[in-house]
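Please describe how the parts of this protein model meet one another, first within a chain and then between the chains.

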Number of protein chains: 2
Amino acid sequence: MDIKNLENIDITLSTASKINEVDFDNLSFGNTFTDHMLVCDFENGVWKKPSIEPYAPFMIDPSAKVFHYGQAIFEGMKAYKDNQDDVWLFRPEQNFERFNKSASRMAMPEVPEDVFMGGLKRLLEIEKNWVKKGDGNSLYIRPFMIATGKGVVAAPAVFYRFMIILSPAKSYYSGEVKVLIAEHFSRAANGGIGAAKAAGNYSAQFYPTKLANEQGFQQIIWTDDATHTKLEEAGTMNVFFRINDTLHTAPTSERILDGITRKSIIDLAKRENINVDIRPVLVEELVEAAKNGSLKEIFGAGTAAVINPIVGFSYKEEYFELPKNEDSFAIDLKKKLTDIQYKNAEDTFGWTVKI
Amino acid sequence: MDIKNLENIDITLSTASKINEVDFDNLSFGNTFTDHMLVCDFENGVWKKPSIEPYAPFMIDPSAKVFHYGQAIFEGMKAYKDNQDDVWLFRPEQNFERFNKSASRMAMPEVPEDVFMGGLKRLLEIEKNWVKKGDGNSLYIRPFMIATGKGVVAAPAVFYRFMIILSPAKSYYSGEVKVLIAEHFSRAANGGIGAAKAAGNYSAQFYPTKLANEQGFQQIIWTDDATHTKLEEAGTMNVFFRINDTLHTAPTSERILDGITRKSIIDLAKRENINVDIRPVLVEELVEAAKNGSLKEIFGAGTAAVINPIVGFSYKEEYFELPKNEDSFAIDLKKKLTDIQYKNAEDTFGWTVKI
């Protein structure tokens, strides 16, 4: 795809860059931000002229609807730098489309392509020194929209703000990940907002995840809320199960996020002639496969970690450790995917987009 | 109950009151705010000294977790002025307790009683002129807490802000309310956050409600998300069904808010010797009762409207108009409840608390 240029924008550059104060070898994920941010306000039915300005706190009314009714959505993307110092995005049109689907579900206005994609391009051109070369380095991109309209009455706002902020990131390694299969708590309802990247979906998981952490599990694999028998997703990642040599993952639904890493892995696996089975996977199948030795791998897939191998899971107080595989699908697919993202391998899918 | 005094507070009064600019006869709900607000920050595990300061926008970082992960909760309360110019609250300890239950579910810190209740008392003492006498007049109180901690990583924040803002209100009349019974969309999941007054629960309803509005219905009565057969709540109100002379309402659960108006109506109805049946009411029962004429009334119950009569409902494209009753439970119970709130009747329950 081509990213259209956005000419109609106000740009105010910061007087001094923070870049020399940043230790790029010791970045904790999501806590360091670049010098500039994109801001675009929606007022009375119209998107105003966007601006790029120094990253800074901003003023907001205490009655802003984002604080009271949670009208807030976001996306997670990454920019990569290749060996020729070119900066690349990975399937950005997918994030743009999903962002506007989330907007519709949350009764928020859709963001025009020139603001989202064109604004991002302008911002990345200014911040290109923040994208570092080398394996695992990237610039994490956080487009988001919040309801800035005032009033403590439960109805959609009239005023919104779209912003893009950028955070340099190292390869995401969260240590050995053990997961708990959800038996009581849930992430999403049938007919709810689970498929949207809505802010409220994430805080809803914090308390159950805290309880899981206290038991020694880093994440939860969520199950359907009605029966808790079907494996769904891991909150910030979709999840894959390798039983023998088949890769299983749940179909997307109104409860499950249509993950871009997820769909890329499915395409990559198919290209590698791995059998991929997209259907609801039952908890009892997983337990059975763990017991009879056919369960080889579980891994999460998402933008932050790309692929996150899981070493074991617990269900009904029983813990199942996964075997160590010489021919790990997770490691192989992660390498193939990141090779495309970093332009170390040919992008036969046409997924990468140059800034 | 006694509200403890809060002495340890910084107070900065506004230099000029906006009160003379306000047309108290023409207030739209939730859009006018008083001169001052209460602010209390939570930093690194400690609640700092609260302050009362002029109502104004405040600065917040673009990466504040409330914007990205929706850690935000609130309460809705009202203050009333009696004929002796005394200001009263209605069961405020219930709001305080529920606020902290919501906080726990959203992995947020609990707010101490002296900050919530003592701070509210100080604020109301300063703003007492904003509480107007007379039937239907009240001062709507909005305590809320947001995650101000920075970082685009999905985990609970370390910094929070608790605030109270106040909005003068007239009697809430929303016109004739027709409701749609939910057949596909849902408000809450089993094991989810439906029982918490979490911001994300409200924006999740905006899009389905917009669709209902377009069909001529003002609100949705939500059903259980797994089967859509059980009647639950109306989003910003609990809901009551009068079949013959029995009042039915769903039991509270992890999907249904434990409404303070709801529980007060149950107690009042019992005192009036009305038969109250608290159990899951099925959609098919409601349709059957509407068809055979035993369905006399449906009404919503919540802080804003107190009791909101519903004139008809639609289910599977069939519309059922409710009869007009001479002996309406809704009108009678609303009068009895507001008489207690405005101190026009003896408060035999001990629900009212003087500021």
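## Contact between the domains of chain A

In this predicted model, the salt-bridge rule finds zero salt bridges across the interface of domain 1 of chain A and domain 2 of chain A. Across that interface of domain 1 and domain 2 of chain A there are, however, 12 residue pairs in polar contact, with both residues of each pair at pLDDT 80 or more. On the side of domain 1 of chain A that touches domain 2 of chain A, the elements that give two or more residues are strand E6 (72–74), strand E7 (77–81) and helix H2 (92–105) of chain A. H2(A) gives the largest share of that side, five residues, and the residues of the side divide by class into nine nonpolar, four polar and five charged.

## Extent of the domain interface

The domain assignment of chain A places domain 1 at 10–171 and domain 2 at 177–341, and the C-alpha centres of these two domains of chain A lie 27 Å apart. Domain 1 of chain A brings 18 residues to the contact, and domain 2 of chain A brings 21 residues.

Between them, domain 1 and domain 2 of chain A bury about 1,700 Å², with 59% of this area on carbon and sulfur atoms. The residues of domain 1 of chain A that lose the most area to domain 2 of chain A are A:Phe74, A:Phe90 and A:Arg98, which together account for 34% of what that side buries.

## Relation of the two chains

A turn of 180° with a shift of 0.0 Å along the axis lays chain B on chain A with an RMSD of 0.0 Å. The two copies are therefore related as by a two-fold rotation axis. Because 100% of the interface residues of chain B are also interface residues in chain A, the copies meet through the same surface.

## Interface of chain B and chain A

The contact takes 60 residues from chain B and 60 residues from chain A, and the area buried between the two chains is about 5,000 Å², of which carbon and sulfur atoms give 66%. Within the area that chain B buries against chain A, B:Pro62, B:Phe67 and B:Phe206 supply 14%, more than any other three residues.

Across the interface of chain B and chain A the rule finds zero salt bridges, while 24 residue pairs are in polar contact, both residues being at pLDDT 80 or more. The elements that give two or more residues to the side of chain B that touches chain A include helix H1 (65–69), helix H2 (92–105), strand E9 (138–147) and helix H5 (206–214) of chain B. By class, this side of chain B has 38 nonpolar, 16 polar and six charged residues.

Note on methods
Residues numbered from 1 in each chain as written. Chains lettered and ligands numbered in written order. Predicted model: local features only at pLDDT ≥ 70, side-chain atom pairs only at ≥ 80, totals over all residues. Heavy atoms only, no water. Domains from an automatic or database assignment. Contact = heavy atoms within 4.5 Å. Buried area = accessible area lost by both parts, 1.4 Å probe. Salt bridge = Lys/Arg side-chain N within 4 Å of Asp/Glu carboxyl O. Polar contact = N/O pair within 3.5 Å; in protein donor to acceptor, adjacent residues only side chain to side chain. Helix = DSSP H or I, 4+ residues; strand = E, 2+ residues; numbered from the N terminus. Nonpolar A, V, L, I, M, F, W, Y, C, P; charged D, E, K, R; others polar. Least-squares fit on C-alpha atoms with pLDDT ≥ 70 in both.
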